[in-house]
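Colleague: Before I use this model, I'd like to press you on the labels. Can you tell me what each one rests on?

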Amino acid sequence: MAEISIISTDTVGPATPNQSSNRVEFTPWELQFPLVGPIQKGLLFLHPTTPSPSPDHTIIHHLKTSLSRTLDFFYPLAGRLGTTVNNDHDTISFFIDCNGAGAQFIHAAARGVTAAGILESDSVPRIVYSFFPLDGTQNCNGVSEPLLAVQVTELADGIFIGCTINHMIVDGASFWHFFNSWSEISRASTEITVFPAFDRPFIDSPDHPIRIPRSLLVSATRRSSPFQERFFHFTKEKIAALKARANTEMATNKISSLQALMAHMWRSVIRNTRLPEDEETMYRFPVGMRPRLRPPLAPEYFGAPVRVGIVRMKVWELLKLGIGHAAWELNKVISTFTEAEAANFLESWGKNPNPFPGTSKRTSGNLLASSSPRFNVYGNDFGWGRPVAVRSGSGNKTGAKTTLFPGAEEGSIDVEAFLMPETLQSMVEDEEFMEAVTI
């Protein structure tokens, strides 16, 4: 069995620290996440095919230096969570303390692991989880733990760059904004293409800073999981066919490619879980709020402006009424996240905070989707070529979950399915599901 060894652990701060007096406030969007885990995503790179005069340790030094320079632009990531215990002693307010305490940088090695061992395995090898730092933590621990932690793991024929960022600081869009900018700086750029925006123009109200009752911040025990992970690849053409089928079934043209694929995954997971037809199934998925405000929130807004959409229906309804019906229900729920709904959420949540629980009840009929195929994953060239794969850590995997990534070729999507082993095996043997999958 392959093993991993930690070579060094360092703290990396901004190259030119000058933001020590700054603080960044949180909105209700970010304050949903203190009890859940951080975002953990990472990229697999092959060693350059041409001989390099620089040994691996020089690559490590280069990545540390470029990370430090990147933190000049993303200075909150070098800070910690700040808290204020309010006068009533029963509530806490959070903010980002930009104190320059630094990010964590770990240099590790797993020389018994090959790129092929990760790419060609039927299921994701569990050792991949060890490529991510701060495993098992909660976002509220950012008071004392780094908000950003990076681990660079040397493999037999490549390197893996794993990144863990506190989910109160970033959503998926901001996570990849940082990753894209770091790779840009690593390619010898002195500036970044898109500067992050830390201003919070919509929190000027008497309810800020928001006071969260301590009783709502009780940490839950993380459960061990018998689940396994497997990747399923969908080409642009197969996704287009799913979209066409869904729209045809509902006599519309409003169902998107992503909605059709999500419906296909939901139906396939539930079909192969073999639940009673009268049982309820619930599908939860993130809804990005940046483009839904008027005027839209800037794409470079650095935070976590995310809501969770929920669709519920009976198993028989999901399976017997077709992919179009499921996709249309997703479409309808997404359309409810309007500017008016956002304004109402920001106001009402501020008055009655309700953070997400640290763990959810593990129910066979529940499925969670995360991430997005619209993020720039394969454009992260640190100077030695594009990544060959993306993987995620163990964070926020407490029940059935699918994580959506862009595929390596344009228009394709890779779905990382975190499910019971028997469900995964049944899906592989399911002709209706596999007809849309490319091996």
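**Helix against helix**

Modeller: Let's start with H4 and H7, which pack at an angle of about 90 degrees with their axes 7 Å apart. Bear in mind that this is a predicted model, in which local features need pLDDT of at least 70, side-chain atom pairs count only at pLDDT 80 or more, and totals for chains, interfaces and linings use all residues. Residues are numbered from 1 along each chain as its sequence is written, and side-chain values use heavy atoms, with hydrogens and water left out.

Colleague: Why are H4 and H7 called roughly perpendicular?

Modeller: The axes are lines fitted to C-alpha atoms over the stretch in contact, with angles from 0 to 180 degrees between N-to-C directions. Under 35 degrees counts as roughly parallel, over 145 as roughly antiparallel, 65 to 115 as roughly perpendicular and the rest as oblique. With an angle of about 90 degrees, H4 and H7 are therefore roughly perpendicular to each other.

Colleague: Which residues make that contact?

Modeller: From H4 come Leu242, Arg245, Ala246, Glu249 and Met250, and from H7 Gly322, Ile323, Gly324, His325, Ala327 and Trp328; contact means heavy atoms within 4.5 Å. The split is six nonpolar, three polar and two charged. In that count Ala, Val, Leu, Ile, Met, Phe, Trp, Tyr, Cys and Pro are nonpolar, Asp, Glu, Lys and Arg charged, and the others, Gly among them, polar.

Colleague: What makes H5 oblique to H7?

Modeller: The axes of H5 (residues 257-273) and H7 (residues 322-335) come within 8 Å and cross at roughly 120 degrees. That value falls in neither the perpendicular band nor the antiparallel one, so H5 is oblique to H7. The crossing is right-handed, a term for a near helix turned clockwise from the far one by less than a right angle, anticlockwise being left-handed. Among the residues in contact are Met262, Trp266 and Arg267 of H5 and Ile323, Leu330 and Ile334 of H7. By class, this contact has nine nonpolar, four polar and one charged residues.

Colleague: And why is H5 labelled roughly perpendicular to H9?

Modeller: H5 and H9 (residues 421-428) pack at about 115 degrees, with their axes 9 Å apart. The perpendicular band includes that angle, so the label is roughly perpendicular. H5 passes H9 in a right-handed crossing. Met265, Ser268, Val269, Asn272 and Thr273 of H5 meet Thr423, Ser426 and Met427 of H9. That contact has three nonpolar, five polar and no charged residues.

**Holes and hollows**

Colleague: How do you know how many cavities there are?

Modeller: On a 1 Å grid over the protein atoms alone, a cavity is a set of points where a 1.4 Å probe fits but cannot get out; a pocket is an open set with protein on both sides within 12 Å along at least five of seven lines, and lining residues have an atom within 4 Å of a point. By this rule there are three cavities of 30 Å³ or more. The largest cavity has a volume of about 60 Å³. It is lined by 13 residues, with Pro38, Leu134, Thr137, Pro146 and Asn166 closest to its centre. Five of the lining residues are nonpolar, seven polar and one charged.

Colleague: What lines the second largest pocket?

Modeller: That pocket has a volume of about 500 Å³. Of its 24 lining residues, Leu119, Phe231, Phe232, His233 and Arg391 are the closest to its centre. Strand E10 (228-234) gives the most, with five residues. The lining divides into 13 nonpolar, four polar and seven charged.

**Backbone oddities**

Colleague: What makes leucine 134 worth flagging?

Modeller: Most residues other than glycine have a negative phi, and most peptide bonds are trans. Leucine 134 has a positive phi, near 55 degrees, and is found in the loop between H2 and strand E7 (148-155). Alanine 251 also has phi near 55 degrees; its place is the loop between H4 and H5.

Colleague: Where is the cis peptide bond?

Modeller: It joins arginine 294 and proline 295, with omega about -5 degrees. Proline 295 lies in the loop between strands E11 (280-288) and E12 (306-314).

Notes. Points joined across faces, edges and corners; volume = space filled by probe spheres on them. Helix = DSSP H or I, 4+ residues; strand = E, 2+ residues; numbered from the N terminus.
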